[in-house]
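Dear colleague,

I am passing on a structure that you have not worked with before, and I would be glad if you could look it over with the notes below at hand. Please open it first and read on afterwards.

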Amino acid sequence: MRSYDLSPLHRFTVGFDNVSRLLDAATRLDDAALSYPPYNIEKLGEDDYRVTMAVAGFAESDLDVTVEDSTLIVRGRMGRDDTGEAAEPRTFLHRGIATRAFERRFELADHIKVEGARLVNGLLHVELKREVPEEKKPRRIAISQGHARAIEHQQAEANSSQAA
């Protein structure tokens with residue numbers, strides 16, 4: 001297992017404590033988990049994104065989309081037919097459509113909100129939007145001209161001691 005020492009980065013960064021957690025999670029992933037189900041991540045506009053997953057054969061009731069902390073989790077589990085009853089076993093001559101259970105996790109950046117999800121023609125679309133609060137947006141800081149009061153105070157003390 002690889003371990004990364006990120007302590008040199010702490011000298012000039014603030015608030016990136018979760019980077020080591022993200023790197024650890026990335027090294028634990030296996031290639032099989034990355035291939036199913038296939039997905040796209042699109043940037044639709046300045047602050048709009050979409051994650052699209054190919055979930056052919058899954059109904060809305062078979063899918064679960066949740067957000068925990070800053071992680072979008074999409075889970076799929078087949079097992080019920082359209083009536084809600086447990087599906088009866090079927091005999092396949094060829095089975096090319098994968099319907100195995102899956103869990104896919106996406107780490108969301110700060111201020112990314114999940115707007116909603118919809119299932120259309122076997123594609124699950126999860127709409128995302130970046131909403132930066134006003135207090136987090138860049139703002140200009142006014143620079144005022146002031147006196148060096150401590151220096152003036154020391155000079156005043158020096159003048160009064162010389163006068164005495």
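What follows is a short account of what was found, from the whole chain down to two single residues.

Please keep in mind throughout that this is a predicted model. The protein chain has three helices and seven strands, and, read from the N terminus, these elements come in the order α-α-β-β-β-β-β-β-β-α. Of the 164 residues in the chain, 17% are buried, while the chain as a whole exposes about 13300 Å², of which carbon and sulfur atoms supply 50%. Among the contacts with a separation of 6 or more, 53% are made by residues 24 or more positions apart.

The strand pairing around β7, which covers residues 123–130, is a good place to begin. Strand β6, residues 112–120, runs antiparallel to β7 and is joined to it by eight bridges, and in this pairing Val114 stands opposite Leu128. The two strands form a hairpin with two residues between them, and Asn121, which lies in the turn, has a positive phi of about 50°. Strand β7 is also joined to β2 by seven bridges, again in an antiparallel arrangement, with Asp48 having Lys129 as its bridge partner.

Within β2, which spans residues 48–54, you will find Thr52. Is this residue, Thr52, buried or exposed? Its relative accessibility is 6%, and therefore Thr52 counts as buried, the cut-off for that term being under 20%. Leaving aside residues up to four places away in sequence, Thr52 touches Pro38, Tyr39, Asn40 and Glu42, as well as Leu123, Leu124 and His125. With His125, the side chain of Thr52 makes a side-chain to side-chain polar contact of 3.1 Å.

The other residue that I would point out is Arg104, which is found in strand β5, residues 102–107. Arg104 counts as buried because its relative accessibility is 5%. Which backbone oxygen does the side chain of Arg104 reach? That atom belongs to Pro37, and the distance is 2.9 Å. Arg104 and Pro37 are 67 residues apart in sequence, yet their C-alpha atoms are 8.2 Å apart in space.

If you have time for two views, I would suggest Thr52 with the side chain of His125, and then Arg104 with the backbone oxygen of Pro37.

With best wishes

Conventions:
Residues are numbered from 1 along each chain as its sequence is written. This is a predicted model: local features need pLDDT of at least 70, side-chain atom pairs count only at pLDDT 80 or more; totals for chains, interfaces and linings use all residues. Side-chain values use heavy atoms; hydrogens and water are left out. Helices (H or I, at least four residues) and strands (E, at least two) are DSSP runs, numbered from the N terminus. Buried means under 20% relative accessible area, exposed over 50%, partly exposed in between (1.4 Å probe, protein chains only). Contact means heavy atoms within 4.5 Å. Accessible areas come from the Shrake-Rupley method with a 1.4 Å probe; for residues, only the protein chains shown count as cover. A polar contact is a pair of N or O atoms within 3.5 Å; within protein, one must be able to donate a hydrogen and the other to accept it, and residues adjacent in sequence count only if both atoms are side-chain atoms. Two strands pair if DSSP finds at least two bridges between them.
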